[in-house]
Amino acid sequence: MTTTHSAPPQAGERGLTPRQAFGRAAAAIAALGLEADLAPILDGSPGTWRCVLRRDGVPLRTGLGLGKGGRAEARAGALFEALEHHLSGVEGLDSGAIRLASAHRLAVGPLGRDVAVTLLAQAPDRPLGCLPYRSLLGGPDVDVPLFLSVPEYLRPAGDSLRRQVGDAYDYRSVGRYSVNNGWAAGADPVEAAVHAVNELIERDALSVLLINTFLRERPRRPAVVDPATLPPALAALVEFAAARTGRPVHLIDMTTDLGVPAYAAHQSAPPGRPARICGWGASLSREYAISRAVSELVQLHSTMDLRERYAHLLPEQRDDTGPYPALHACYLADFTAALATAEVRPFEPTEVPDTPRGHLDRLLGLLAERGFTVYGRDHHVTPDVAVVNVLVPGLERFMLVTDGQVVVPGERGLAVARGE
């Protein structure tokens with residue numbers, strides 16, 4: 001059974017109401033012996049809530065979570081994101097599950113479509129720490145290098161664990177590609193996997209948008225949504241975001257050949273400054289993808305001061321792209337000039353499944369149709385919460401350039417840059 005954009009809450013991507021989800025997350029936090037310091041940043045609908053996990057009153061280094069959307073959704077989302085961040089760091093890793101694998105073997109194996117894994121073949125063939133992942137499309141399991149999705153593993157916080165498992169690999173050549181990509185928390189593994197896959201598709205879409213706009217010899221004309229065609233609830237959300245921030249919000253259609261609606265809610269930045277009051281979203285539901293993007297923009301605007309206060313809980317930010325003008329333009333990610341010639345498209349609702357299982361099956365089917373394999377790991381599963389990680393080799397991680405990293409596109413992104 002399917003429905004149109006008037007789908008169940010969160011477009012069928014969640015199996016529980018926000019109130020039920022909040023109870024599950026609170027129980028999971030208590031079971032870990034932690035306390036949740038939860039407070040509103042913007043108390044309303046839309047709203048923004050923050051959660052800091054504490055142990056014996058002391059904030060955890062990886063325990064900050066932010067929630068967005070309607071009030072109940074934002075409160076539950078803050079708890080789930082805090083759990084995700086905590087459990088996806090090195091403290092959440094089981095050293096007994098980590099095994100060492102040959103760098104060169106990994107580079108020529110099924111993960112070789114990932115640009116970071118490809119680089120392993122250009123360095124000495126030494127073993128590096130991996131975790132086993134299962135194929136979500138029925139193929140063989142694979143060993144996935146930890147550095148791909150656990151940045152903390154390469155930082156001082158991971159030194160002890162690397163020594164414990166005997167991982168002496170020199171990560172300097174690939175560390176810049178490390179990102180907490182494809183992580184998600186949910187009430188169960190299926191629900192979490194839906195959000196993990198959507199995050200991968202969203203970040204791939206942003207990568208492709210950056211390449212099309214700033215790296216192609218002939219930039220590709222972007223597309224934007226005609227605000228006059230938005231459903232009333234979405235139109236009101238966009239109007240709220242513009243009023244709250246004091247600037248217009250442009251809805252850039254980032255949807256790629258994967259066919260999953262993906263959007264950027266964009267605002268221009270002062271000359272020479274990165275455009276960081278923005279948001280992104282991907283979902284089978286076009287309405288929910290746009291809603292997530294605009295809600296994230298509101299969240300980023302409302303948490304500017306908070307991010308300074310909790311800077312010690314966030315990754316260090318630096319810009320190394322200065323010597324490379326094209327990459328620096330990608331780092332700034334200001335699409336204002338390109339939007340002057342944008343194609344304007346009407347909003348059109350999409351039909352979506354009404355259960356998380358339906359969403360996951362369709363997402364996996366779309367990826368398989370495009371020749372992608374999908375691997376996942378149920379990282380932490382209890383009756384209350386599931387934290388999973390999903391990897392799709394070949395989807396782009398070039399969006400790391402917006403963190404100031406000097407990275408290059410993978411095979412997929414290079415084809416986009418060539419106009420293929």
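Here is a short chat about one helix and some paired strands in a predicted model.

Colleague: What kind of model is this, and what rules apply?
Modeller: The model is predicted: local features need pLDDT of at least 70, side-chain atom pairs count only at pLDDT 80 or more, and totals for chains, interfaces and linings use all residues. Residues are numbered from 1 along each chain as its sequence is written, and side-chain values use heavy atoms, with hydrogens and water left out.

Colleague: How many residues does helix H1 have?
Modeller: H1 has 14, residues 18–31. Helices here are DSSP runs of H or I, at least four residues, and strands are E runs of at least two, numbered from the N terminus.

Colleague: Which residues of H1 are buried?
Modeller: Pro18, Ala21, Ala25, Ala28 and Ile29. Buried means under 20% relative accessible area, exposed over 50%, partly exposed in between (1.4 Å probe, protein chains only).

Colleague: Where do they sit around the axis?
Modeller: On the same side of H1, because they cover an arc of only 100°. The arc uses directions from the helix axis to the C-beta atoms. On the other side, Arg19, Ala30 and Ala31 are exposed.

Colleague: What follows H1?
Modeller: Gly33, with a positive phi near 75°.

Colleague: New topic. Which strand pairs with S5?
Modeller: S6 (residues 127–135) pairs with S5 (residues 99–102), antiparallel, over four bridges. Strands pair if DSSP finds at least two bridges between them. Ser102 stands opposite Pro127.

Colleague: How many bridges join S6 to S7?
Modeller: Four, and the two strands run antiparallel. Pro132 faces Asp143 there. Their hairpin has six residues between the strands, and Gly138 takes a positive phi near 95°.

Methods:
The expected span of a helix is 1.5 Å times one less than its number of residues.
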